[in-house]
Amino acid sequence: MDQRFLYGFQQVGIGVSNIQAAVKWYATVLLADIKVLEDSNPATYMAPYMGNQPRQKTAIILMNQHGGGGFELWQHTEHKPTSGPLVTRGDLGINCVVIYTSHLEKAKAHFRHHQVPIKTIDDKIIEITDPFGNAIRIAEKSLSDKILLTGVHECLVGISNTEKAISFYRSFGFEVANQYREKTLHITTLNCPNRATGRLGTFLGECKIQLLERTEGNPKKIYDNRIWGDPGYIHLCFDVYNLKSWVMHFDQVSPFTVLSNPDFTMGQAQGHWGYLEDPDGTLIEMVEAHYVPIVKKLGLSINLRKRSPLKPLPNWLIKAMRLKKVRF
C-alpha cells in the first residue's frame with residue numbers, strides 16, 4: 001500500500017536530569033499519568049547526535065487519558081546531563097508546547113494547589129514551567145467534554161527563515177492558518193487540515209505548529225555545545241502510517257538522518273521510527289507503531305498491524321489504557 005498518513009503529535013521528547021521526579025511532576029501536575037512504556041536499553045541509533053557514541057539512558061512515555069500528544073521523558077544515566085541557557089522566544093528549536101483545558105480558572109486552581117507559579121499570556125492562555133525549565137502553555141478551548149487538561153496539541157518552534165520552514169512543514173501536510181507580528185517575532189500558525197483520524201488519530205486530536213522567527217538580534221541554537229537527551233525539548237514526534245513511504249517522500253526534502261530497523265522494540269512496544277531535521281536542525285521524529293501492550297498479564301494489547309490505518313481504535317480499547325496509570 002502506497003498510502004501514508006499522519007495522525008497527529010504522538011509525543012514531544014523532553015530531556016531531564018531526574019526522571020523519577022519528572023514522572024511524578026508530569027503525572028500529578030499535567031495529569032499525564034498513563035505510562036505507555038519504559039525502556040532502559042542503550043540508545044544506539046541516536047549516536048550521531050550524542051557525540052557519535054551510544055549512551056545509557058532511561059526513557060518513559062506518559063500520556064493524558066483525554067488525548068493529545070504525550071511526553072517522552074528521557075534521562076542520560078551515564079553522561080551527566082548538561083543544562084543549556086534560558087530559552088528566549090525565537091531561539092532555534094522547540095520553545096514551548098501547548099496543552100488544552102476546558103476551564104482555565106479550574107486549571108489555575110489545580111496549578112496553585114501544586115504550588116506551580118502561573119504566568120498570564122492573555123485571557124485564554126497561561127504559561128507554567130516544569131522543574132527543568134521547560135515552558136508549557138495551557139489554552140482554554142471549547143472541548144467536547146469538561147476536561148481539566150489534555151496532552152500536547154500545539155508546539156512553538158523557533159526558526160531562522162519563515163518561508164523555508166513553511167515549505168518543510170508543508171511536506172507533512174501542514175498549511176498556513178495565519179501570520180502576524182508580536183513585538184520582535186514574526187509568527188506563523190500552521191494547522192494540519194488533512195490529518196488522518198484512523199488508529200490513534202481521533203485520540204491524539206488536532207495538532208498545530210507555531211513558527212517563531214525573530215526580527216531583531218540573532219537567535220541561538222538551543223542545543224549548541226550539548227548532546228541529544230540533555231535537558232530541554234529534544235524532539236517533536238508524529239504518529240504515522242507507512243514510514244517507508246514517508247522516508248521516500250522526504251528523500252528530496254530533508255532525508256532521514258536516523259532510521260531504526262522495521263521491528264524495533266522499546267520496552268514492550270514495537271514499531272518503526274526515524275528522525276529528520278527541519279531547516280534549522282530541530283529534530284522531528286516519525287513513528288509507525290506496530291504493537292502497544294496494555295496489560296501483559298491479561299494479554300491485553302493493541303496490535304496495529306492487524307488494524308486498518310483508516311479505522312479509529314474502539315473507545316473501550318482507548319479507555320483500557322487507563323489500566324497503565326502510574327501510582328505514587
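In which strand does Glu-140 lie? In this predicted model, Glu-140 belongs to strand S8, and that strand offers a convenient place from which to begin a walk through the structure. The side chain environment of Glu-140 is an intermediate one, because a relative accessible area of 23% counts as partly exposed, where the class in question runs between under 20% for buried and over 50% for exposed. Seen from Ala-43, Glu-140 is 97 residues away in sequence, and the two C-alpha atoms are 37 Å apart in space.

Strand S8 is part of an open sheet of eight strands, whose order is S6-S7-S8-S5-S9-S12-S11-S10 and whose pairing is mixed. The sheet is bounded by strand S6, residues 119-122, and by strand S10, residues 175-182, each of which pairs on one side only. Going from one strand to the next, the twist averages 25°.

Two of the strand pairs in this sheet illustrate the mixed pairing. Strand S5, which covers residues 93-101, runs parallel to strand S8, residues 135-140, and six bridges join them. Within this pair, Cys-96 has Ala-135 of S8 as its bridge partner. Towards the other edge of the order, S10 and strand S11, residues 185-191, run antiparallel and are joined by seven bridges, with Tyr-180 standing opposite Ile-187 in S11. These two strands form a hairpin that leaves two residues between them, and Lys-183 in the turn has a positive phi of about 55°.

The open space in the model brings the reader back to S8. How much space lies in the largest pocket? The volume is about 940 Å³, and the pocket is lined by 42 residues, of which Arg-89, Glu-127, Ala-135, Arg-137 and Leu-156 are the closest to its centre. Ala-135, already met as the bridge partner of Cys-96, is thus named again among the residues closest to the pocket centre. S8 gives the most to this lining, with four residues. By residue class, the lining of the largest pocket divides into 18 nonpolar, eleven polar and 13 charged residues.

Enclosed space is a separate matter. Rolling a probe the size of a water molecule over the atoms shows where empty space is left. The structure holds one cavity of 30 Å³ or more, and the largest cavity has a volume of about 40 Å³. The lining of this cavity is made by Tyr-7, Arg-199, Leu-200, Asp-239, Val-240, Glu-288, Ala-289 and Leu-304, and the elements that give two or more residues to it are strand S13, residues 232-241, and strand S17, residues 283-295. Five of the lining residues are nonpolar, none is polar and three are charged.

A helix shows how burial can be arranged around an axis. Which residues of helix H3, which spans residues 162-170, are buried? They are Thr-162, Ala-165, Ile-166, Phe-168 and Tyr-169, and because they cover an arc of only 165° around the axis, they lie on the same side of H3. An α-helix has 3.6 residues a turn, so residues three or four places apart point the same way. On the other side of H3, Glu-163 and Lys-164 are exposed.

The loops supply several individual residues that deserve a look. Pro-279 sits in the loop between strand S16, residues 269-277, and S17, and with a relative accessible area of 44% this proline is partly exposed. Although 118 residues separate Pro-279 from Asn-161 in sequence, their C-alpha atoms are 8.3 Å apart in space.

Two further loop residues have a positive phi although neither is a glycine. Gln-115, with a phi of about 55°, is found in the loop between helix H2, residues 104-113, and S6. Asn-242, with a phi of about 65°, has its place in the loop between S13 and helix H5, residues 243-250. Is each of these residues buried or exposed? Gln-115 is exposed, because its relative accessible area of 72% lies over 50%, whereas Asn-242 is buried, because its relative accessible area of 12% lies under 20%.

Notes
Residues are numbered from 1 along each chain as its sequence is written. This is a predicted model: local features need pLDDT of at least 70, side-chain atom pairs count only at pLDDT 80 or more; totals for chains, interfaces and linings use all residues. Side-chain values use heavy atoms; hydrogens and water are left out. Two strands pair if DSSP finds at least two bridges between them. Axes are lines fitted to C-alpha atoms, for helices over the stretch in contact, and angles run from 0 to 180 degrees between N-to-C directions. On a 1 Å grid over the protein atoms alone, a cavity is a set of points where a 1.4 Å probe fits but cannot get out, and a pocket is an open set with protein on both sides within 12 Å along at least five of seven lines; lining residues have an atom within 4 Å of a point. Grid points are joined across faces, edges and corners, and a volume is the space filled by probe spheres set on the points. Ala, Val, Leu, Ile, Met, Phe, Trp, Tyr, Cys and Pro count as nonpolar, Asp, Glu, Lys and Arg as charged, and the others, Gly among them, as polar. Buried means under 20% relative accessible area, exposed over 50%, partly exposed in between (1.4 Å probe, protein chains only). The arc is that of the directions from the helix axis to the C-beta atoms.
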